[in-house]
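Subject: The structure you asked to look at

Hi there,

Here is the structure, ready for you to open next to the sequence. My notes on what turned up follow below it.

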Amino acid sequence: MNTYTAEQITRIGGREWRKSDGTLRVYLNVDVWAPLVGLEIEFYKSGNIAHATLNGEKISNRRAAQLTAIKVYWEASQIFITRDAALGREIREAIAAEVARTKPAPDDDDLTPTGTAAEQVTALRSAGRTVRQIAEMIGVSISTIYRWARGICRPLPANAAALAAIA
């Protein structure tokens with residue numbers, strides 16, 4: 001079984017989250033893991049599933065809904081997958097391939113060129129920007145900005161670059 005770091009899983013699209021006991025978890029949402037295993041789902045504007053395929057073969061909307069309910073997350077160096085053990089093996093293999101394919105950025109330890117996200121948010125707030133303004137300029141939610149400011153999670157590289165650009 002492969003072991004990973006939180007940074008590796010975040011680099012491929014994972015979202016960091018701290019449990020109430022302080023344990024770090026990194027979730028891979030369905031929009032991240034589904035393409036890795038060949039799951040494609042089209043939705044109506046209502047949010048209902050319009051069409052779904054797995055590795056190019058049509059699957060029922062019910063099966064697609066079951067697959068989208070799978071939770072994939074990293075905790076304590078390992079990947080955990082809820083439900084559907086058969087697809088779980090494929091998801092693990094796809095994650096391993098994606099982690100191997102992505103290389104760390106040269107300054108992966110530095111979140112941004114001008115300091116940590118928390119420091120940058122603090123500087124922007126001191127300069128008179130509201131959390132709402134910062135969130136809108138970067139394209140993230142207000143709660144995300146608060147989590148960055150408290151150090152609960154770190155921005156993805158694209159968001160870190162956007163934060164650095166406005167700081």
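Glu16 is a good place to begin: beyond its neighbours within four places in sequence, Glu16 is in contact with Thr10, Leu24, Arg25, Val26, Ile152, Cys153 and Arg154. Please keep in mind that this is a predicted model. Glu16 belongs to strand S1, residues 15-18. Is Glu16 buried or exposed? With a relative accessibility of 14%, Glu16 counts as buried, since the limit for that class is under 20%. The side chain of Glu16 also has a polar partner, the side chain of Thr10, in a contact of 3.5 Å.

Arg25, one of the residues that Glu16 touches, leads on to the aromatic residues. The charged end of Arg25 is placed over the ring of Tyr73, at 4.0 Å from the ring centre. Tyr73 itself is buried, its relative accessible area being 14%. There are three aromatic pairs in the structure. One of them joins Tyr73 and Phe80: the ring centres are 5.4 Å apart and the planes meet at 20 degrees, so this pair is stacked, as planes under 30 degrees apart count as stacked. Phe80 is partly exposed, with a relative accessibility of 33%. Tyr73 and Phe80 also belong to one aromatic cluster together with Trp17 and Tyr27.

Now for the chain as a whole. It has 167 residues, 36% of them buried, and it contains eight helices and seven strands. Along the principal axes, its C-alpha atoms fill a box of roughly 55 × 40 × 30 Å. Among contacts with a separation of 6 or more, 44% are between residues 24 or more positions apart.

Next, the sheet. Three strands make up an open sheet in the order S3-S4-S5, with antiparallel pairing. S3 and strand S5 (57-58) are at the edges, and each has a single partner strand, so one side of each has no neighbour in the sheet. Strand S3 (residues 39-43) and strand S4 (residues 49-54) run antiparallel and are joined by five bridges. If you want to trace the register by eye, Leu39 has Leu54 in S4 as its bridge partner, and Ile41 stands opposite Ala52. Five residues lie between the two strands of this hairpin, and Gly47 there has a positive phi near 100 degrees.

Two residues of that hairpin region come up again at Ala64, which is found in helix H3, residues 61-68. Which residues does Ala64 touch, not counting those up to four places away in sequence? They are Ile41, Ile49, Ala52 and Ile59. Ala64 is buried, at 0% relative accessibility. For a sense of distance, Gly13 is 51 residues from Ala64 in sequence, and the two C-alpha atoms are 21 Å apart.

Last come the helices towards the end of the chain. In helix H5 (residues 117-126), the buried residues are Ala117, Gln120, Val121 and Leu124. These cover an arc of only 100 degrees around the axis, which puts them on the same side of H5. What do the buried residues of H5 pack against? Their partners are helix H6 (131-138), helix H7 (142-150) and helix H8 (157-166). After H5 comes Gly128, with a positive phi near 105 degrees.

H8 can be read in a similar way. Its buried residues are Asn159, Ala160, Leu163 and Ala164. Viewed down the axis of H8, they fall within an arc of 140 degrees, so they line one face of the helix. Ala158 and Ala165, on the other side of H8, are exposed. The cover over the buried residues of H8 includes H5, H6 and H7, and H8 in turn is among the helices that the buried residues of H5 pack against.

If you only have a few minutes, I would suggest looking at Glu16 with its Thr10 contact, then Arg25 over the ring of Tyr73, and finally the buried residues of H5 and H8.

Best wishes

Definitions and conventions:
Residues numbered from 1 in each chain as written. Predicted model: local features only at pLDDT ≥ 70, side-chain atom pairs only at ≥ 80, totals over all residues. Heavy atoms only, no water. Buried < 20%, exposed > 50% of the residue type's maximum accessible area, 1.4 Å probe, protein only. Helix = DSSP H or I, 4+ residues; strand = E, 2+ residues; numbered from the N terminus. Arc of directions from axis to C-beta. Contact = heavy atoms within 4.5 Å. Phe/Tyr/Trp six-rings, centres within 6.5 Å; stacked < 30°, edge-to-face > 60°. Lys NZ or Arg CZ within 6 Å of the ring centre and 35° of its normal. Polar contact = N/O pair within 3.5 Å; in protein donor to acceptor, adjacent residues only side chain to side chain. Pairing = 2+ DSSP bridges.
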